[in-house]
Amino acid sequence: MLQVKNMSFSVPDKQILNNITFSVEQGKFVGIIGPNGSGKSTMLKIIYRYLKQTSGLVTLYEKDIGHFPQKKLAQELAVVSQETPVLFDFTVKDLVMMGRTPYKKWLAADNPQDFAIVEESMMLANVLHLESRTFSQLSGGEKKRVMLARALAQQANILILDEPTNHLDIEHQYQLMDLVKDLPITIVAALHDLNLAAGYCDILLVMKDGALYMEGTPEQVLTEETLKEVFHMQAGVSKNPFTKKLHLFFYTNY
Ligand SMILES: Nc1ncnc2c1ncn2[C@@H]1O[C@H](COP(=O)(O)OP(=O)(O)OP(=O)(O)O)[C@@H](O)[C@H]1O
């Protein structure tokens, strides 16, 4: 459904992304992994049209995303980005209601269906108890969950997550991953925690120096060789005895 074809991105004096091609199948949970600065966020920003690629193409349902009207794109694609927006004076409930904007006519009032969707999204993201608080009063992890609730309220077919577990405590990390894994939509997420990536993703894209180094299932990708080559880490690859998912143990030889 989503395709990236020969995508490159440069700024003066620096090539940030180099000829990236991949496609994402509907309903899959695709993880993007790679060291700091390897280009994960830049690639996501181009996919959600915050940045424009220097060359190449991003298509959704075989149509150039550049040609989607803003509202239509927002109905298809919801984003939880790394940056927290400056939205001091809004309450959590108002912010999550903003997720309904792509479905509204100019100046249309919120209807009962919008309120129901907003409430359910807040419940799923575990922020219902915060609904009357203003955004600036929240902790980093609470803000992250509110932005997730807003994205859920958008009811898009693709959810793009840039480091979604950043700022979250261990319980909320797993809660978020369980929640998004169970959604009947496509997920594309940049992740630093390789064990979370291994446990939840169907497909992993490995970025290195602005290029797509490898793609495949967690078992195909998360090998001792790749971890050494891409992350410069010694690792043992095993299985989580409880979930039976791939599990990595890291160590250094310094
Ligand atoms: N506007 C810009 N001008 C110059 N360099 C940039 C610009 N935007 C990004 N970069 C550089 O491009 C590289 C890729 O950045 P990007 O944020 O995509 O990496 P990332 O893989 O998401 O990193 P992290 O894991 O640290 O979040 C980095 O070296 C970054 O410093």
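**Exercise 1. Find the bridge partner of valine 30 in β9, then work out how the two strands run**.

Start with the residue itself: valine 30 has isoleucine 203 as its bridge partner in β9. Keep in mind that you're looking at a predicted model.

Next, look for another pair. Isoleucine 33 is matched with valine 206 in β9.

Now put names on the strands. β3 covers residues 29–33 and β9 covers residues 203–208, and the two pair in the parallel sense over four bridges.

**Exercise 2. Place β3 and β9 in their sheet, and say which strands stand at the edges**.

Step one is the strand order. Six strands make an open sheet, and reading across it you get β6-β7-β8-β3-β9-β10, with mixed pairing.

Step two is the edges. β6 (77–80) and β10 (211–216) each have a single partner strand, so one side of each is left without a neighbour in the sheet.

Step three is the twist: on average, neighbouring strands here are turned by 15° against each other, direction ignored.

Step four is what packs on the sheet. Helix α1 does, touching β3, β7 (158–162), β8 (186–190) and β9, and its direction makes about 150° with that of β7. Helix α5 (residues 140–153) lies across β6 and β7, and runs at about 180° to β6.

**Exercise 3. Follow β9 into β10 and describe the hairpin, including what is unusual about aspartate 209**.

First, the pairing. β9 and β10 run antiparallel to each other, with five bridges between them. One example is methionine 207, whose bridge partner in β10 is leucine 212.

Then the turn. Two residues sit between the strands of this hairpin, and aspartate 209 takes a positive phi near 50° there.

What's odd about that? Most residues other than glycine have a negative phi. Aspartate 209 has a positive one although it is not a glycine.

Last, how covered is aspartate 209? It counts as partly exposed because it has 15 C-beta neighbours inside 10 Å, and partly exposed means a count between the cut-offs of 12 or fewer for exposed and 20 or more for buried.

**Exercise 4. Do the same for glutamate 163: give its phi, its place and its exposure**.

Phi first: glutamate 163 sits at about 55°, which is positive although the residue is not a glycine.

For its place, go to the loop between β7 and α6 (170–182).

For exposure, count the neighbours: glutamate 163 has 19 other C-beta atoms within 10 Å, so it is partly exposed.

**Exercise 5. Describe the hairpin of β11 and β12**.

Start with the strands. β11 (residues 234–239) and β12 (residues 246–251) run antiparallel and are joined by six bridges. Glutamine 234, for instance, has tyrosine 251 as its bridge partner in β12.

Then check the turn: there are six residues between the strands, and lysine 244 in the turn has a positive phi of about 65°.

**Exercise 6. Find which residues surround the ligand, and which element gives the most to that shell**.

List the residues: Val11, Lys14, Ile16, Gly34, Asn36, Gly37, Ser38, Gly39, Lys40, Ser41 and Thr42.

Map them onto elements. β2 (14–24) and α1 (40–47) are the ones that give two or more residues. α1 gives the most, with three.

Sort them by character: two are nonpolar, seven polar and two charged.

**Exercise 7. Describe the surroundings of leucine 73**.

Leucine 73 is in helix α2 (residues 70–76). With 17 other C-beta atoms within 10 Å, leucine 73 is partly exposed.

Leave aside its neighbours within four places in sequence, and leucine 73 is in contact with Arg49, Ile65 and Phe68.

Now look further along the chain: alanine 156 is 83 residues from leucine 73 in sequence, yet their C-alpha atoms are 8.9 Å apart in space.

**Exercise 8. Decide whether the radius of gyration fits a compact globule**.

Begin with the inventory: the protein has nine helices and 12 strands.

Then the fit. A compact globule of 254 residues would have a radius of gyration near 18 Å, and the protein has 19 Å, which agrees. Along the principal axes, the C-alpha atoms fill a box of roughly 60 × 45 × 30 Å.

Finish with packing. Buried residues make up 37% of the 254 residues. Of the contacts with a separation of 6 or more, 63% are between residues 24 or more positions apart.

Terms used. Residues numbered from 1 in each chain as written. Predicted model: local features only at pLDDT ≥ 70, side-chain atom pairs only at ≥ 80, totals over all residues. Near = placed C-beta within 6 Å. Nonpolar A, V, L, I, M, F, W, Y, C, P; charged D, E, K, R; others polar. Rg over C-alpha atoms; globule rule 2.2 N^0.38 Å. Contact = placed C-beta atoms within 7 Å. Pairing = 2+ DSSP bridges. Axes fitted to C-alpha atoms, helices over the stretch in contact; angles between N-to-C directions.
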